[in-house]
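Here's a walk through one protein model, written for someone who likes to think in atoms and distances. Have the viewer open and follow along.

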Amino acid sequence: MQQPSLVEPGTLCMSEVVTNAIRHTRSPRIAIDVSIGDERVLVRVHDNRPCPLPAPKQPRHEEFEHGRGLALVEAHAARWGVTFFGGLSPRSKAVWFELRVAAEVGDSGAIRPNLP
């Protein structure tokens with residue numbers, strides 16, 4: 001099923017997560033995995049150089065050009081996180097985010113998905 005309402009936030013979040021992988025890990029390989037369901041989209045960006053991620057923050061004025069990536073993901077995704085692979089000595093990680101179809105309240109008061 002197509003989810004046009006998720007295209008813009010999905011593009012923004014994917015761009016931010018991929019940019020973080022390129023800038024902060026210098027991983028020679030980055031893979032993107034997208035799973036599309038009826039009411040959600042799950043995106044995982046894998047790299048093979050695990051490093052700690054900074055917490056999302058609101059940028060100061062002098063950081064306006066940089067430092068907003070995870071704050072944007074936090075603002076647009078229903079959930080996001082990091083999965084490390086390799087046990088106590090991680091060899092790789094995936095930063096993931098989930099987008100969900102917005103629900104709206106119908107005339108009956110029941111919540112129904114806002115589907116096209």
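Let's settle one term up front: a polar contact here is a pair of N or O atoms within 3.5 Å, where, within protein, one atom must be able to donate a hydrogen and the other to accept it. The side chains of Thr83 and Trp96 make such a pair, at 3.4 Å. That value falls within the 3.5 Å cut-off, so the pair counts. Keep in mind that this is a predicted model.

**The overall layout**

The protein has 116 residues, and 29% of them count as buried. Two helices and six strands make up its list of elements. Reading from the N terminus, the order is α-β-β-α-β-β-β-β. About 7900 Å² of the protein is exposed, with carbon and sulfur atoms supplying 53% of that area. As for contacts between residues at least 6 apart in sequence, 49% of them join residues at least 24 apart.

**Around Thr83**

Back to the residue we started with. Thr83 sits in strand 3, and its relative accessible area is 33%, so it is partly exposed. Which residues does Thr83 touch, leaving aside those up to four places away in sequence? They are Ser92, Lys93, Ala94 and Trp96. Along the chain, Thr83 and Lys93 are 10 residues apart, yet 5.5 Å separates their C-alpha atoms.

**Lys93 and its partner**

Lys93 itself belongs to strand 4. Is Lys93 buried or exposed? Its relative accessibility is 1%, and because buried means under 20%, Lys93 counts as buried. This lysine forms a salt bridge with Asp47, and the closest N and O atoms are 2.9 Å apart. The bridge links distant parts of the chain, with Lys93 in strand 4 and Asp47 in strand 2, 46 residues apart. Asp47 is buried too, just as Lys93 is. The side chains of these two residues also show up as a polar contact of 2.9 Å.

**The other salt bridges**

How many salt bridges are there by the rule used here? The count comes to five. Three of them are set out below, with the N to O distance for each.

| Salt bridge | Closest N to O distance |
|---|---|
| Arg44 and Asp33 | 2.2 Å |
| Lys93 and Asp47 | 2.9 Å |
| Glu98 and Arg100 | 2.9 Å |

Take the bridge between Arg44 and Asp33, listed at 2.2 Å. Arg44 lies in strand 2 (residues 40–47) and Asp33 in strand 1, so this pair ties together parts that are 11 residues apart in sequence. Arg44 has a relative accessible area of 23% and is therefore partly exposed. Asp33, at 28% relative accessibility, also counts as partly exposed.

Next comes the pair of Glu98 and Arg100, whose side chains meet in a salt bridge. Glu98 has a relative accessible area of 1%, so it is buried. Arg100, at 45% relative accessibility, counts as partly exposed. Which residues are joined with this pair into one network? Arg40, Arg79, Glu98 and Arg100 are linked through salt bridges that share partners.

**Out on the surface**

Now for the nonpolar side of things. Ile22, Ile30, Ile32, Val34 and Ile36 make a nonpolar surface patch of about 430 Å². Where does the largest share of the patch come from? Strand 1 (residues 30–36) supplies it, with four residues. One residue of that strand is Ile32. With a relative accessible area of 43%, Ile32 is partly exposed. Why can Ile32 count towards a patch? Patch residues need over 30% relative accessible area, and Ile32 has 43%, so it clears that cut-off.

Last stop: a loop. Arg91 is found between strand 3 (79–85) and strand 4 (92–100). Its relative accessible area is 60%, and because exposed means over 50%, Arg91 counts as exposed. Arg91 and Arg49 are 42 residues apart along the chain, while their C-alpha atoms are separated by 6.5 Å.

Note on methods:
Residues are numbered from 1 along each chain as its sequence is written. This is a predicted model: local features need pLDDT of at least 70, side-chain atom pairs count only at pLDDT 80 or more; totals for chains, interfaces and linings use all residues. Side-chain values use heavy atoms; hydrogens and water are left out. Patches are made of residues with over 30% relative accessible area and no salt bridge: like charges are joined within 9 Å, nonpolar side chains (Val, Leu, Ile, Met, Phe, Trp, Tyr) within 5 Å. Accessible areas come from the Shrake-Rupley method with a 1.4 Å probe; for residues, only the protein chains shown count as cover. A salt bridge is a side-chain nitrogen of Lys or Arg within 4 Å of a carboxyl oxygen of Asp or Glu. Buried means under 20% relative accessible area, exposed over 50%, partly exposed in between (1.4 Å probe, protein chains only). Contact means heavy atoms within 4.5 Å.
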